[in-house]
Amino acid sequence: QTIMTQRSYSVNFNIAASGLLDDDGDGEHEDKNGDDQEENFKGMLKGIFKHLVVVPELSEALKAKGFVHWVEVWDLSITVVIFLLAYYLPWILVFCTWDELPAFHRLLETIMSLVFTVDMFLQFFIAYALPNSQLSHGPWQKDPWKIMSHYMGFESSFGWFWLDLLSVAPFWMR
């Protein structure tokens with residue numbers, strides 16, 4: 001039973017495999033116009049970011065036993081905070097100013113802004129299911145640059161980053 005506990009822990013934090021490969025996938029870097037140092041630096045950054053990519057999936061056996069991935073728990077927590085904010089924010093905007101807020105309400109607002117900031121940061125590293133696949137069965141987009149450009153909306157018409165930024169920026173400016 002101890003072995004199963006250790007195995008489920010490692011599966012819950014499923015980190016994508018990585019390597020320092022160039023675009024061709026052969027691991028060999030060509031010297032182009034003296035940009036070898038810049039290419040090596042980009043390759044090193046890509047390798048580091050690949051280690052940080054989280055693939056939010058579990059094996060079918062663990063799902064059957066009731067395990068859930070921590071990303072699913074995080075998403076549920078964010079949903080709860082959004083509902084709390086949907087009730088709380090209009091009340092604050094109508095009846096109080098920032099200076100009139102009790103210390104507990106200031107703490108609550110600070111915690112909510114920190115949670116949304118952490119969520120915004122995490123979205124840069126959570127792999128997403130490719131469009132032609134089933135959500136829970138992959139294949140997953142694990143390339144960190146494609147995840148970042150997808151979140152920022154560079155490869156599609158809309159990226160959630162900008163809406164997240166607009167929702168968190170007023171809290172940062174206080």
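Start with H5 and H7, whose crossing is left-handed. Keep in mind as you click around that this is a predicted model.

**Stop 1: H5 against H7**

Select residues 103-122 for helix H5 and residues 160-172 for helix H7; the two pack at an angle of about 150°, and their axes are 10 Å apart. Angles over 145 degrees count as roughly antiparallel, so H5 is roughly antiparallel to H7.

Now show side chains. On the H5 side, pick Glu109, Ser113, Phe116, Thr117 and Met120. Facing them from H7 are Phe161, Asp164, Leu165, Val168, Phe171 and Trp172. Colour this contact by class and you should get seven nonpolar, two polar and two charged residues.

**Stop 2: H2 against H6**

Next, select residues 36-52, which is helix H2, and residues 144-152, which is helix H6. How far apart are the axes of this pair? They sit 9 Å apart, and the packing angle is about 75°. H2 and H6 are therefore roughly perpendicular to each other.

For the contact itself, show Leu45, Lys46, Phe49 and Lys50 in H2, then Pro144, Trp145 and Met148 in H6. The class count here is five nonpolar, no polar and two charged residues.

**Stop 3: along H6**

Stay on H6 and switch to a surface view. Which residues of H6 are buried? Look for Pro144, Ile147, Met148, Ser149, Tyr151 and Met152. Of these, Pro144 and Met148 also belong to the contact with H2. Just after the helix comes Gly153, which has a positive phi, near 85°.

**Stop 4: Gln141**

Step back to strand S2, residues 138-141, and select Gln141. Is Gln141 buried or exposed? The cut-off for buried is under 20% relative accessible area, so Gln141, at 14% relative accessibility, counts as buried.

Follow its side chain: from Gln141 it reaches the backbone nitrogen of Asp143 at 3.2 Å. Then bring up the contacts of Gln141 beyond its neighbours within four places in sequence: Ala127, Tyr128, Leu130, Lys146 and Ile147. Ile147 is one you have already met, as a buried residue of H6.

**Last stop: the whole chain**

Zoom out and colour by secondary structure. The protein chain has seven helices and two strands, and from the N terminus the order is α-α-α-α-α-β-β-α-α. Of the 174 residues in the chain, 32% are buried. If you draw a contact map, take the contacts between residues at least 6 apart in sequence: 62% of them join residues at least 24 apart.

Note on methods. Residues are numbered from 1 along each chain as its sequence is written. This is a predicted model: local features need pLDDT of at least 70, side-chain atom pairs count only at pLDDT 80 or more; totals for chains, interfaces and linings use all residues. Side-chain values use heavy atoms; hydrogens and water are left out. Axes are lines fitted to C-alpha atoms, for helices over the stretch in contact, and angles run from 0 to 180 degrees between N-to-C directions. Helices (H or I, at least four residues) and strands (E, at least two) are DSSP runs, numbered from the N terminus. Angles under 35 degrees count as roughly parallel, over 145 as roughly antiparallel, 65 to 115 as roughly perpendicular and the rest as oblique. A crossing is left-handed if the near helix is turned anticlockwise from the far one by less than a right angle, and right-handed if clockwise. Contact means heavy atoms within 4.5 Å. Ala, Val, Leu, Ile, Met, Phe, Trp, Tyr, Cys and Pro count as nonpolar, Asp, Glu, Lys and Arg as charged, and the others, Gly among them, as polar. Buried means under 20% relative accessible area, exposed over 50%, partly exposed in between (1.4 Å probe, protein chains only). A polar contact is a pair of N or O atoms within 3.5 Å; within protein, one must be able to donate a hydrogen and the other to accept it, and residues adjacent in sequence count only if both atoms are side-chain atoms.
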